[in-house]
Amino acid sequence: MVKHYRPPGKKNEGNAARFITRSKAIKQLQVSLPLFRKVCILKGIFPREPKKKVKGNHHTYYHLKDVSYIQHEPLLERLREIRAYQHKVKKAEAKKNPDRATLLRQRSPAYKLDKIVLQRYPKFLDALRDLDDCLTMVHLFAALPATEGCIEVKRIHNCRRLAHEWQAYISRTHRLRKVFVSVKGIYYQAEVKGQKVTWLAPHPLQQVVTDDDDFNIMLNFLEFYEALLAFANCHLYHSINVKYPPILDPRLEALAADHYALSRYFDANSRSSAWDRQDSCLSGSGKVESQQIGPLVDESELRLAQLQHQLSSNEPGALRHLVEDVPGEDEEDNDTRECKKLFKDMKFFLNREVYRDSLLFVIPAFGGIVSWQGDGAPFEEDDDSITHQIIDRPRQDGKICGREYVQPQWVYDCVNARIILPTGDYLVGRDPPPHLSPFVDNDFFETEGVINPAEAEAEAAREKRKKMKAHEKQHHHELIMELEGVTDSSSISNIDNLSADREEPDHDYEQVEEDNRIMSEIEWSRRFRGSIESIRINRQRKKRLDDVIRQRRRNLRRT
C-alpha cells in the first residue's frame, strides 16, 4: 500500500490537536484578555497541563473543547454588547454631554448567571460540595471596607446579607458542628444534607486595602459566588417552609442586629406556616364551623403579617423560638439532636468587648438564648434569668450573683467537646487551656473522671520505652561484668534497679529518624563522603576486634 505524502504543518495530531494556547484562544474568540478570564471563571474553565507542550513551557494551554464551549455561550455575546454600550457612555462623556451619559448609565444592559449556575451544578448536592470557597470569599468581602473604583458599597452589603442569611439557616436548623479560632480567622464546619461544609470567616479587625492588591480576578469569582450562594440560600429556606428573600425590620438593620432580625423573621414565618396548616385543616370541615372560625383566622393572619413591626425589640422571650422545632425540615439525626440540647435552658449575655457576630451565630445554633450590650438587644444585663455572661476583661463594678462570668473560649470549647465544661479554668484573669483544633481526628478534651484514649496510649508507649531501656542497660552491664570476671549477682541486681528507677528524657524517635533521613539525602562533596566512609569502616573494624577479644576472654575463663 502506497503511503500518501502529507505536507508538514497541514494537519495537527495528538496534543497539538487537543490543546490550544491562551493567545490563540483569545484570537479565536475575538475578546480581550480580561474578558476571556472573566468568562472562563464564570463557566468554570481552567488551564490544562498537557503531557507534551508543543509551543513551549512558557505558554498557558486550554483544551480545544473548552474554547469551543465558550465560543457558543450566549453570555459572551451579552458581554460584547455591554462593552459596546460602555463605549457609548465614554463617547458621551468625551463630548461633555453629562445628561446623555447619565441616561445611558441608567439604561445600561445587565446579565444574569442563573443558567450558568444550573449548568455547572445540575444537582443541589453538587452545589453544596463547592460551597467552601464560596462562603470563604463572601465572608472575606463582607469584612472589607469599600474603596473608590475597586470595591463598591453595594457589593459589600450584599456579601454581608448573604453571609448572615446562611448563618441564620445553620443556626436555626442546628447544623453547626465544629468551630476553631485561629490566627487567620474563625473556622466553621456545618453538615447540610449530609455534606460537610467548611469555611473561614475573618476576625473583626480593621482591614487596610492597599493599591498593590489586584481585585479584578477576585471580583470575577465573587460575582459567581454571590449568585451561587443566593441560589443555595433560596433552596435551603424553601426546604424549611420559609420565604426567601427575607424581609427584615429596618430598625434592627440600622442597628446592625441582622442575626436578631433574621431570627424574628424565622419565627414569624414558622408561625404563619402553622396558621396556614391550621387554616387548611379547618377548610375541610363543615361550612358552619368555617363561617364561625373564619374571622378568627383572618384576624390571626393579619396580626402575623404585622408581627415584624408589632413585636417589641426588647422582648425577653423573642429569641426562645430559635430552639423550637422547624416545620418542614428533614428528620433530625443524632448529631443535630445532641447539638440542639447543648445550651438548652441557658441564657447568655455578651459584653461590648466580645466579638458579637460569631457568638450570636454559635450560641443559638446549640440551643442557647443570647443578648448583647447595645441598642436592639432582646433583654438587658440586669435580667435575673441570665445564667452566663461572656466577658473578656475584668469588671470594674461588682458581679451579679447567680451567673457565671467566663471568657469567649469557653463557648467554643464546649461546642467542640459537645459537653458543658467546668468554668473554673475560663474565669476572667486566668489563662485558659489551649484552644485545640477540632479538625484533628483524636479526642483532645479531658474531663473529670474521663480518661483520654490518646493520652492513655501515649503514656503506655512511654512506659514501654522505659522498660526496654532498662533491660538494654541490664544486658550491657552483664556483658561488662562477664568480661571483667565479676559474678556478683547482688551488684548486678542493684545496678539494674538503679537503671530501671532512673527516668531518662523522652526522646522523639520519629524526629530522630526524620533527621537521619534528611541527612542521608544531603549531597556531600566527594572528599567529605570519603572521610565519612573511612570513619564508618574504622568503627566496624574496631567493633569486630572488640568482639574477637571478648570471645577470647570467654574461652580463657572457661578453661
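Helices and strands are DSSP runs, numbered from the N terminus, and those numbers are the signposts for this tour of a predicted model.

**Stop 1: a negative patch**

Begin by selecting D212, which you will find in the loop that runs between β5 (195-201) and α11 (216-239). Is D212 buried or exposed? Its relative accessible area is 73%, and because exposed means over 50%, D212 counts as exposed. Now add D211, D213 and D214 to the selection, and you will have the four residues that gather with D212 in a patch of negative charge on the surface.

**Stop 2: a positive patch**

Next, select K95, which sits in the loop between α5 and α6 and is exposed, with a relative accessible area of 60%. When you also show K88, K91 and R100, you see the other members of a positive surface patch that includes K95.

**Stop 3: salt bridges**

Side chains of opposite charge can pair when their charged atoms come close. In this structure, a search of the whole model finds 16 salt bridges, and a few of them are worth visiting one by one.

Select E73 and K43, whose side chains meet in a salt bridge with a distance of 2.7 Å from N to O. This pair links distant parts of the chain, since E73 is in the loop between α4 (64-71) and α5 (74-94), while K43 is in helix α3 (residues 33-43), 30 residues apart. Both E73 and K43 are buried.

Move on to E93 and R105, where the side chains meet in a salt bridge of 1.8 Å, again taken from N to O. E93 lies in helix α5 and R105 in helix α6 (residues 98-106), so this pair ties together parts that are 12 residues apart in sequence. How accessible are these two partners? E93 is partly exposed, with a relative accessible area of 40%, and R105, at 44% relative accessibility, also counts as partly exposed.

Now select K347 and D383, which form a salt bridge whose closest N and O atoms are 3.1 Å apart. K347 belongs to strand β6 (residues 347-350) and D383 to the loop between β7 (369-372) and β8 (388-390), so the pair ties together parts that are 36 residues apart in sequence. K347 is buried, with a relative accessible area of 4%, and D383 is buried as well, with a value of 17%. To finish this stop, select R177, E191 and D333, which are joined into one network by salt bridges that share partners.

**Stop 4: aromatic rings**

A pair of aromatic rings is described by the distance of the centres and the angle of the planes. The structure holds 16 aromatic pairs. Select Y188 and F361, and look at how their rings are placed: the centres are 5.2 Å apart and the planes stand at 70°, so the pair is edge-to-face. Y188 lies in strand β4 (residues 186-192) and F361 in helix α17 (residues 356-365), so the two rings tie together parts that are 173 residues apart in sequence. Y188 counts as buried at 2% relative accessibility, and F361 is buried with a relative accessible area of 1%.

For a tilted arrangement, select F224 and Y225, an aromatic pair with 6.3 Å from centre to centre and 55° between the planes. F224 and Y225 are both buried. Finally, add Y121 and F221 to this selection, and the aromatic cluster that these residues form with F224 and Y225 will be on your screen.

Technical notes: Residues numbered from 1 in each chain as written. Predicted model: local features only at pLDDT ≥ 70, side-chain atom pairs only at ≥ 80, totals over all residues. Heavy atoms only, no water. Patch = residues over 30% accessible without salt bridge, like charges linked within 9 Å, V, L, I, M, F, W, Y side chains within 5 Å. Areas by Shrake-Rupley, 256 points an atom, 1.4 Å probe, with all protein chains shown as cover. Lys, Arg positive; Asp, Glu negative; His and termini not counted. Charge placed at Lys NZ, Arg CZ, Asp CG, Glu CD. Helix = DSSP H or I, 4+ residues; strand = E, 2+ residues; numbered from the N terminus. Buried < 20%, exposed > 50% of the residue type's maximum accessible area, 1.4 Å probe, protein only. Phe/Tyr/Trp six-rings, centres within 6.5 Å; stacked < 30°, edge-to-face > 60°.
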